[in-house]
Amino acid sequence: MPLRRFLRSLLTGDVLLRLAAVVLAVLILARALFSGSSGWRAVVYVIGGAAALWCALWVFGRLKPLLTAGRGEAAEVAFLAGRSRSRQVAVLALLVLIVHAAITGYVGIGTILVAIVLAVIATLLTADLKLVALLGGIALIFALATVFVADIFSGSAEARALGISVAAIVLPIVISDKLVALVKQPALTTTHHAVLAVLTLLISFLGWTRSEWLPGVVHNCYTLPTSSGITVLRATADGQRCYGLIDTADAGVFAADAFGRDEVTSTLQRKILEQNQPVRKGDLTVVWLGALSCEPFKGDPSRCADGRDYPSERDQLRALLYAQSHIEDTTDHRLHVVIADATQDVAHADDVAQLIIKRRPAMGDRVVVIGGGDSRDVTQRAINRLLTAGIPFIAPNLLADLGNPGKGFVNRPGYLQLAPSNLDYARDAVDRLAHSFGAKGFRLDVYQQPNPTDQYTTSLVNDLLSAVRDKAPATARHVPTLDRIDATVCESDKTSPPAVLYFADRWTRFAEFVQRVNDLCGHSRPRMVIADVSVSRFMANYQLRAVSTADWKVHYNVGGPGCADLSEPTYGILGAKIEKFGDLVRLKGPFACADRATGIKDGQLPNACPLDAAVKLTSQPCEANDLGTYLIPAWDAVLLADALLPERPPAGDYLTSLTVRDFTLANGKSATVERGVLQEPTIDVRLWHGNPLNDPRVIWERPSKELMLPTDPKPGTTDPSAGR
């Protein structure tokens, strides 16, 4: 019976609050101690600070009676005296939590929630809740007043500073005593006044800086300021999207945990970020720079306004995930992935580059940026900014050579472009056409909407026109708008020389281009259509191909090798990684590439299903059996970076010191980097075709017969590795 009464006595609200305070304090202390030296330092700082303050107040309490002797004044209550021990524990635990967050430089949602809970418990354990509410209300009212005054005097720094000082410090202290007297509360002490002034200034500061943090908080794009964290987000001007850097699955209470609104893309990002661990000595930090978010459709915030999706970008992220696991399994260091979204058309690439440089000290000694997205002016500025800061850049799919035909998009040490330049793709296409049409020649109509900031499309048009000039009697002309495409491109037209249509624009315009060709040719078909590397993004998208009304053939360049080009060791590694993370692509059995099967004829892969289609398709699901063409270059880029970057940066020019010889690529070939310059591209110029365009189940991993060159693999081979 005494035991039962004792247990019942523990069920009172006050006892439960005290118990919760003690339990949380113990958990925080244990978590801090298990986190290593930073946790020990937090505990030492708080205990040391509390002890020093207690000693100072104890000495003051001893001296004060001597100083006030004969005045009949009672000594003030010593610090913490008369307060519940559990409240003291909660306050000290809260201090440990805050100091620990300051030392580690990271404030996540867990830290914030625990701090709020402890603050609530400490407040509830305070005997005089009316006084607590009164002080908080006064601080809030006068903080709002100071913000108002600051806005009024925003034109004069001196007047603004004077107004803030008066409103934030003097007025609350003067008026608070009268307000306390009205509600019949005890007179405020000096401590109360100090707390009131601090609270008022703190809330005022949030009001003064609202333009910096409020848009991010409202749109879930705000990261709490940290001393050494990597994750940092910004909101776009319209407030519809976030851009910046994410390297943790717990970005904070006001921050998005992934870029974009597509669930498949978000899930993949979260999986990568969950694998990240704190950067330690020797680890490789890869910042993937690209586009994952786009302008949302007004009626459907989860869908992009122009219908774009990011299957190619997801394939690059999959490569990072697989490389992350591979490096941890096979080396004594780890891969830390930072996802950098520059939004639609990489519009914020330069802003993101500045964030990378600012966060560079937290990324360790071995840092590289991979990706780039599109070859635009803003991308070039971003890359040059990063190189100037000593950060190498590897570009798997940037091709523009505007002003420097045949050279890299950026011609500086530290920039490694894996793909050939646009001039190589242009010459390959023109050589194939010249071989196909022979002495009668051809006319090449190059469609591209002029865009002065898009270096990729602009340089491709220039390179095509230049390549055709060397193939007389062939001619070429630039077609700047869809309405300038005429019926001479159709099979029904019998004029000479025959017209070939070349799409040299961005893949986001390919659907309307196809519709224009359909409208022109009607029941006829275009004689021949060739599309640039950008269109491989369209061809990689099952949904875009399926909804197209084009039942005709299109040739298109691809940005990387097929699965059949992989060496046996790499094929085994990637197959095992795909199976390990099979839940991300709904893989039911072992992974096997369609283009490595026997009996492949003319490069045709019936029922091919890329990794992205395996997870995106729901009405007609398919089993993944194709890697796509963007995964392998990203895989090579990560492993090349791991082999290239030294564990300790050498003295002198870091970028020109980067050297690696005979690095083995995924396809078994070797790559060499001398003094920060890649000696030869690692990606071959490849031309595939889709026939018909609107059947995404069929992929032809080679040109059709009319565009084959004598040096190409012979059609009909059954060996998937022959001639590749």
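Select strands β16 and β17 (residues 670-674): they pair in the antiparallel sense over 3 bridges. Pairing here requires that DSSP find at least two bridges between two strands. Strands (E, at least two residues) and helices (H or I, at least four) are DSSP runs, numbered from the N terminus. Within this pair, Thr 664 stands opposite Ser 670 in β17. Now add β18 to the selection; the 3 strands form an open sheet in the order β16-β17-β18, with antiparallel pairing. β16 (660-664) and β18 (677-678) are at the edges with a single partner strand each, so one side of each has no neighbour in the sheet.

The model is predicted: local features need pLDDT of at least 70, side-chain atom pairs count only at pLDDT 80 or more, and totals for chains, interfaces and linings use all residues. Residues are numbered from 1 along each chain as its sequence is written, and side-chain values use heavy atoms, with hydrogens and water left out.

Zoom out to the whole protein chain. The chain has 21 helices and 20 strands. Of its 724 residues, 50% are buried, where buried means under 20% relative accessible area, exposed over 50%, and partly exposed in between (1.4 Å probe, protein chains only). Among contacts between residues at least 6 apart in sequence, 73% join residues at least 24 apart; contact means heavy atoms within 4.5 Å.

Next, select 335-341, which is strand β6; 7 of its 7 residues are buried. Leu 335, Val 337, Ile 339 and Asp 341 point one way from β6, and His 336, Val 338 and Ala 340 point the other way. In general, side chains in a regular strand alternate between the two faces of the sheet. Show β2 (residues 242-246) as well: β2 and β6 pair in the antiparallel sense over 3 bridges, and Ile 246 has Ile 339 as its bridge partner in β6. Then show β3 (residues 284-290), which runs parallel to β6 and is joined to β6 by 7 bridges. Gly 290 stands opposite Asp 341 in β6.

Move to Phe 393 and Leu 627. These residues have the most contacts inside the largest nonpolar core, which has 132 residues. Such a core is a set of buried Ala, Val, Leu, Ile, Met, Phe, Trp, Tyr and Cys residues joined through side-chain atoms within 4.5 Å. Helix α21 (residues 631-644) gives the largest share of this core, 10 residues. Leaving aside neighbours within four places in sequence, the contacts of Phe 393 include Leu 289, Val 369, Ile 383 and Tyr 415. Apart from this core lies another, of 32 residues, among them Phe 510, Phe 513, Cys 521 and Tyr 556.

Keep Tyr 556 selected and add Asp 315, Ser 536, Asp 626 and Trp 688; these are among the residues that line the largest cavity. A cavity is a set of points on a 1 Å grid over the protein atoms alone where a 1.4 Å probe fits but cannot get out, and lining residues have an atom within 4 Å of a point. α17 (535-539) and β14 (554-558) each supply at least two lining residues.

Finish at Lys 440, in the loop between α14 (422-437) and β10 (443-447). Is Lys 440 buried or exposed? Lys 440 is exposed, with a relative accessible area of 55%. Outside its neighbours within four places in sequence, Lys 440 is in contact with Pro 473 and Pro 497. Ala 474 is 34 residues from Lys 440 in sequence and 8.2 Å away in space, C-alpha to C-alpha.

Note on methods: On a 1 Å grid over the protein atoms alone, a cavity is a set of points where a 1.4 Å probe fits but cannot get out, and a pocket is an open set with protein on both sides within 12 Å along at least five of seven lines; lining residues have an atom within 4 Å of a point.
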